Every structure is written in C-alpha cells, then in structure tokens.
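Reader: I'd like to learn how to read contacts and burial in a protein model. Can we go through one together?

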Amino acid sequence: MANRHTIVLMQSSPNRATRTFMDYGSISQAMDGICGLYERKLKEINPTIQNITYDISDLYNFIDGLADLSALIFDHSIQAYLPYDRLWIKHRMFQHLKRLASQ
C-alpha cells in the first residue's frame with residue numbers, strides 16, 4: 001500500500017462550497033495531511049496555547065464532524081482509483097498513528 005497516489009475528498013460543512021481535495025503521494029502522507037488539518041484547526045481555536053495535545057478519539061470526532069470525507073487511492077493493478085469511506089480512513093489513521101508511536 002506504500003507509495004499509492006491518494007486523493008482526499010473533504011467537505012467541512014453542509015455548504016457545498018466547502019468541498020475541496022488534497023493530493024498526496026502515499027496513504028501515509030494522506031493520513032499525516034488529515035492530522036495536519038486537525039492540528040491547524042486546534043491552533044485556530046486555541047491561539048494562545050503553545051503545546052496542544054490530542055488523542056485518537058479527538059481526531060475521530062473531528063473526522064466525524066466533517067460533512068464528508070473520503071479517499072481515492074490509485075490501484076496500479078487496474079490502473080484506476082478505488083474509493084474508500086470515512087470508516088476506512090479512521091481505521092487507517094489508527095494503524096498509521098500506532099506505527100508512528102512504535103518508532
């Protein structure tokens with residue numbers, strides 16, 4: 001699953017104008033990108049706090065609070081993008097953070 005081009009599709013609110021996408025070279029980079037979005041949101045909400053910490057449940061709440069979140073991941077064997085939903089993203093996020101914590 002390494003080095004598979006990943007497009008994250010996101011809609012932050014019910015307003016369709018908030019639809020956007022982020023482009024990553026791998027699934028791991030996409031998971032880091034989603035964490036980065038959450039961390040920027042935390043800094044925006046808490047501008048005076050220097051060191052902000054959060055746990056996986058906080059991140060899951062952020063993900064669940066988005067109007068829509070999905071990923072398109074390139075599959076070399078069929079030369080096409082396969083769609084993955086919010087639940088899959090949360091599962092991959094957990095695996096990704098667990099792997100980072102063990103390093």
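Reader: Let's start with a helix. Which residues of α1 are buried?

Author: Before we dig in, keep in mind that this is a predicted model. Burial is a matter of relative accessible area, and under 20% counts as buried. In α1 the buried residues are Ile27, Ala30, Met31, Gly33, Ile34, Cys35, Gly36, Leu37, Tyr38 and Leu42.

Reader: And what covers the buried residues of α1?

Author: The cover includes the strands β1 (6-11), β2 (19-24) and β3 (68-75), along with α2 and α3.

Reader: What span should α1 have, and how far apart are its end C-alpha atoms?

Author: The expected span is 1.5 Å times one less than the number of residues. The 19 residues of α1 should therefore cover 27 Å, and its end C-alpha atoms are indeed 27 Å apart, so the two agree.

Reader: On to rings. How many aromatic pairs are there?

Author: Ring centres within 6.5 Å make a pair, and the angle between the planes then sets the label. Here the count is four. Take tyrosine 38 and phenylalanine 62: their centres are 5.0 Å apart with 40 degrees between the planes, which is a tilted pair. Tyrosine 38 is in helix α1 (residues 27-45) and phenylalanine 62 is in helix α2, so this pair ties together parts 24 residues apart in sequence. Both tyrosine 38 and phenylalanine 62 are buried.

Reader: Why is the pair of phenylalanine 74 and tyrosine 81 edge-to-face?

Author: Over 60 degrees between planes earns that label. The planes of phenylalanine 74 and tyrosine 81 are at 65 degrees, with centres 5.1 Å apart, so the pair is edge-to-face. As for burial, phenylalanine 74 counts as buried at 15% relative accessibility, while tyrosine 81 is partly exposed at 36%.

Reader: Which residues do ring pairs link into a cluster?

Author: Tyr38, Tyr54 and Phe62 are the cluster linked by ring pairs.

Reader: Now charges. Which side chains meet in a salt bridge?

Author: For this one you look for a Lys or Arg nitrogen within 4 Å of an Asp or Glu carboxyl oxygen. Searching the whole structure turns up one salt bridge. Aspartate 64 and lysine 90 form it, at 3.0 Å from N to O. The pair links distant parts of the chain, 26 residues apart: aspartate 64 is in helix α2 (residues 56-65) and lysine 90 in helix α3 (residues 86-102).

Reader: Is each partner buried or partly exposed?

Author: Aspartate 64 is partly exposed, at a relative accessible area of 40%, whereas lysine 90 is buried, at 15%.

Reader: Which ring does the charged end of lysine 90 sit over?

Author: That's tyrosine 60: the charged end of lysine 90 sits over this ring, 5.1 Å from its centre.

Note on methods
Residues are numbered from 1 along each chain as its sequence is written. This is a predicted model: local features need pLDDT of at least 70, side-chain atom pairs count only at pLDDT 80 or more; totals for chains, interfaces and linings use all residues. Side-chain values use heavy atoms; hydrogens and water are left out. Helices (H or I, at least four residues) and strands (E, at least two) are DSSP runs, numbered from the N terminus. Buried means under 20% relative accessible area, exposed over 50%, partly exposed in between (1.4 Å probe, protein chains only). Rings of Phe, Tyr and Trp (its six-membered ring) pair if their centres lie within 6.5 Å; planes under 30 degrees apart count as stacked, over 60 as edge-to-face and the rest as tilted. A charge sits over a ring if NZ of Lys or CZ of Arg is within 6 Å of the ring centre and within 35 degrees of the ring normal. Contact means heavy atoms within 4.5 Å.
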